[in-house]
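Visitor: Could you pick one part of this model and take me through it closely? After that, please show me how the rest connects to it.

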Amino acid sequence: MPKLTKILSLAMAAIVAVTMVTTPAAAEKKESFKLAWSIYVGWMPWGWASDQGIVKKWADKYDIEIEVVQFNDYIESINQYTVGAFDGVTATNMDTLAIPSVGGVDTTALIVGDFSNGNDAIILKDKSELTDIEGQTVNLVELSVSHYLLARALESIGKSEKDVSVVNTSDADLVGAYQTDDVTAVVTWNPLVAEIAAMPGANKVFDSSDIPGEIIDLTVVNTEVLEANPDFGKALVGAWYETMAIMASDTPEGAAARAAMGEASGTDLAGYDMQLASTQMFYDPAAAVEFAKSDGLTDTMEAVRTFLFDHGLMGDGAPSADIVGIEFSDGTILGDENNVKFRFDYEFMAGAVAAE
Amino acid sequence: MTAVTLRNIWKEYGDNVVLERIDLDVEPHSFVALVGPSGCGKSTLLRMLMSAEVPTRGEILIEGEPLPADPTAERGVVFQRYSVFPHLTVEENVLLGLELQTSRLSCKLFGGAKRTAMDQARSMLEEVGLGHALKQYPSALSGGMQQRLAIAQALIMRPKVLLLDEPFGALDPGIRAEIHVLMRRLWQETKMTVFMVTHDLSEAFHLGTRVIALEKDRTRPEELERYGAVIKHDLDVWPPKLSDLEAHETVDSEATDDI
Amino acid sequence: MRQRLINRRPERRVGVFLAALPFVLLLIAYSLGSDARLAENPSDKLLPSFSSIGDAIERMAFTENKRTGEILLWVDTSASLIRFVSGLLIATLVGGFFGIITGLLPYMRASLGTFFSVLSVIPPLAILPILFIVLGLGETSKIALIVLGIAPFIIRDMILRVEEIPSELMVKAQTLGASTWQIAWRVVVPQMLPRLIDALRLSLGAAWLFLIAAEAIASQSGLGYRIFLMRRYLSMDVILPYVAWITFLAFFIDWCLLKLQQKAFPWFAASRSG
């Protein structure tokens, strides 16, 4: 038996060692960081900036290392960030609140990259008015920004989700699904919107330009990591706005950058420019700061958290959407001020304005 | 009472000649034991008799008629293994032949027909000493009992010819002796013509009325492929195993056949 | 002399202990990991505590949902089981039928044998869009995915099993006067039924996989649907009990099939070992 206890204690030690490795990143000074990003029009600059060595250049400047990792699965990248495997991730304001913030990971919106200005849309088959959606079966990725867009659209015509029937449909299969007879209404994002809208009978009846500034694409980082390592934030912001400047420039260099980003996202320069057209990019850090300071952001987050709460995403057993605090740039807090887990902070972006 | 004739039978697999120049006239109610070294083609010859294989050349006649291309109910078989159906009980195994015969589509019998068939099957099983095991599955039976069942199953069809492929080869000596007695009795009662492949010479002489030994003529390695086995010995077993009365009957029917 | 390791067997009580050990270790490892993570972040969702898993079970399995008024676990379970069982039944019928006639009839084998071999290596998930367009997004395509996923395997397995029937038995049946139809009906089919259950049991894992995949693609309920939806916000407190439930269901269905085989085909186990 003593032999068995020895084996058991060894096994336990191994198990403990394994579990310790996967515990979240602690708030301490460190030198290497990991950023996860996934393929979407507003986040393609990360891949390009990484390929071009721009991220490395800025990391070197602050004497740190930044590993930029591309994910094919957006949700998985956020989950990996939430469990502590990454220090930063690209995510929408809604998913940031629903996943890391509700999951207790204090998260700061470091860069406000853009907001969707038509990239997300509701498409009806053979119907041209939003009101026609009543009573229909709607295919979309449930609990995603598409679902939020639908909720906001229904609200705008005085209806609610009870008036439609939602079918959770994977984004990878939406285009195929639209071609079947059972599917008459879809909500999705670009490039799927462009593809579906081009099909016969397809009509865009509502899109994110009808709720401007509500679906925001962010680069978020772990607040504790950022506080302990401001250089990480500075390097990311520096690399991002250098890339923005190149991308926005009306030069062959800018076109080449956008073409490369388009190619990496499976389209070409024209296709990518078309997606950019329905994306309100903040190429200029000053504009992003302006947006982060605006009052509209508070209203947006109020709408977002109400949606999340209604769908049980603010944590089960949560008495109200107030359970998680959201701090805005001016220091005001929406929700529980003792449990602030989502912060909008324009300080780092403002630093980029000053550097120009 | 069935005569079997083999005329110049050859069996080749590609270039490999297994059997050649097999000529045989078998009288009705014979018990022919086929012996020979392993690989001499004795089982192949038996399989041709059951239409499981086709001779490359030559013809086989049963009562003067060419052998049908498929196995038929007039030629019953018992193999060393896999002779009975594992998914049927002892009783069902014997009943099967009767059911197949009378009910072509549903393969099942009902009512009176079923009772008649059942009685027939049971008396056949009594005959072979399996009356106590009607409801058992073959896997629960010993090797000897399984072979008794296989024999009963074949005999319920009243075949004219019974083909036995080393049927008792895997049995213990005591069991084998018992089943030899049974086999001899059944052969005498049913008057069928029996072919039995065996590698046991004493069994061959004990049961057979005629022992045929197959062997290759040429034994040099380079010739083995090109020359098949032939009938090396053809012995009538003495004394004849038929009772006088039966011998008489045989002669009678032979005479009728000749006409 | 000490016995060799291969000849040493645990006695009964030690055997029970050894069987339970991996599960206990897993639970201990889980609770240690969970405690460590929760100490860092009380809202951690990756390895929720047993009490929050308990709350989730209470919520999903015993409480009516606020919005729909239904008990979600049962809604999901019945939706999934209906798809699963329909898929299995159809695959069994199709697989059994084609497998047996292809294995039995040389002409069928000549024409369909290669076709089924090719069919069985096509990954069904890759042709999903075609399936959708032909069958729509509803229940039919989900069941069809299960059928397409496992029927080719069952067919191939049945072909092999039919070919394994000793030729002696086929000859024997013919010497009892059986026609092709009679051989199929009285000899081959009854011998194949228990083997069909074997093939089905081996397909259960794949069938679950295809069911979950189908539900992840487009649905409004089902165990796979819930897991993929919950994954969107890392609700492991719901996902883990669902995984345990699926494991139990899979185990239970497998056990039922085994019992059915033993009850309905008592001759099979004996003849297989013999």
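Guide: Let's start with chain B. Look at its contacts between residues at least 6 apart in sequence: 70% of them join residues at least 24 apart. A contact here means that two C-beta atoms, placed from the backbone, lie within 7 Å. Before we go further, this is a predicted model, so local features need pLDDT of at least 70 and side-chain atom pairs count only at pLDDT 80 or more, while totals for chains, interfaces and linings use all residues. As for labels, residues are numbered from 1 along each chain as its sequence is written, and chains are lettered from A and ligands numbered from 1 in the order in which they are written.

Chain B is built from eight helices and 10 strands. Those are DSSP runs, counted from the N terminus: H or I over at least four residues for a helix, E over at least two for a strand. The C-alpha atoms of chain B fit a box of roughly 60 × 40 × 40 Å along the principal axes. A compact globule of 259 residues would have a radius of gyration near 18 Å, and chain B, at 19 Å, agrees with that. (That radius is taken over C-alpha atoms, and the globule rule is 2.2 Å times the number of residues to the power 0.38.) Of the 259 residues in chain B, 42% are buried. Buried means 20 or more other C-beta atoms within 10 Å of a residue's own, exposed means 12 or fewer, and partly exposed is in between, with C-beta atoms placed from the backbone.

Two residues of chain B are worth a stop. N8(B) sits in strand β1 (residues 4-13) of chain B, and its phi is near 50 degrees, a positive value in a residue other than glycine. It has 12 C-beta neighbours inside 10 Å, so N8(B) counts as exposed. R21(B), found in strand β2 (residues 16-26) of chain B, also isn't a glycine and has a positive phi of about 50 degrees. With 14 C-beta neighbours inside 10 Å, R21(B) counts as partly exposed.

Now for the neighbours. On the border with chain C, 27 residues of chain B meet 22 residues of chain C. On the chain C side, α7 (167-175), α8 (180-217) and α11 (266-273) each bring at least two residues. That side of chain C has 11 nonpolar, eight polar and three charged residues. In this sorting, Ala, Val, Leu, Ile, Met, Phe, Trp, Tyr, Cys and Pro are nonpolar, Asp, Glu, Lys and Arg are charged, and the others, including Gly, are polar.

What about chain A? Chains A and B don't touch, and their nearest C-alpha atoms are 44 Å apart. Two pairs of chains do touch, and the one with the most contacts is A with C. There, 33 residues of chain C face 34 residues of chain A. On the chain C side, α1(C) gives the most, with seven residues. By class, that side of chain C has 18 nonpolar, seven polar and eight charged residues.

One sheet even includes strands from both of these chains. It is an open sheet of six strands with mixed pairing, in the order β9(A)-β5(A)-β8(A)-β6(A)-β7(A)-β1(C). At its edges stand β9 (202-207) of chain A and β1 (218-219) of chain C, each with a single partner strand, so one side of each has no neighbour in the sheet. Strands of a sheet pair through backbone hydrogen bonds, either parallel or antiparallel. To count as a pair here, two strands need at least two bridges found by DSSP.

Where the chains join, strand β7 (residues 165-169) of chain A runs antiparallel to β1(C), with two bridges. One partnership to find there is N168(A) with S219(C). Elsewhere in the sheet, β5 (residues 120-125) and β8 (residues 185-189) of chain A are antiparallel too, over five bridges, and L124(A) stands opposite A185(A).

Last stop: the loop between β8 and α8 (192-197) of chain A, which holds P191(A). The peptide bond from N190(A) to P191(A) is cis, with omega near 5 degrees.
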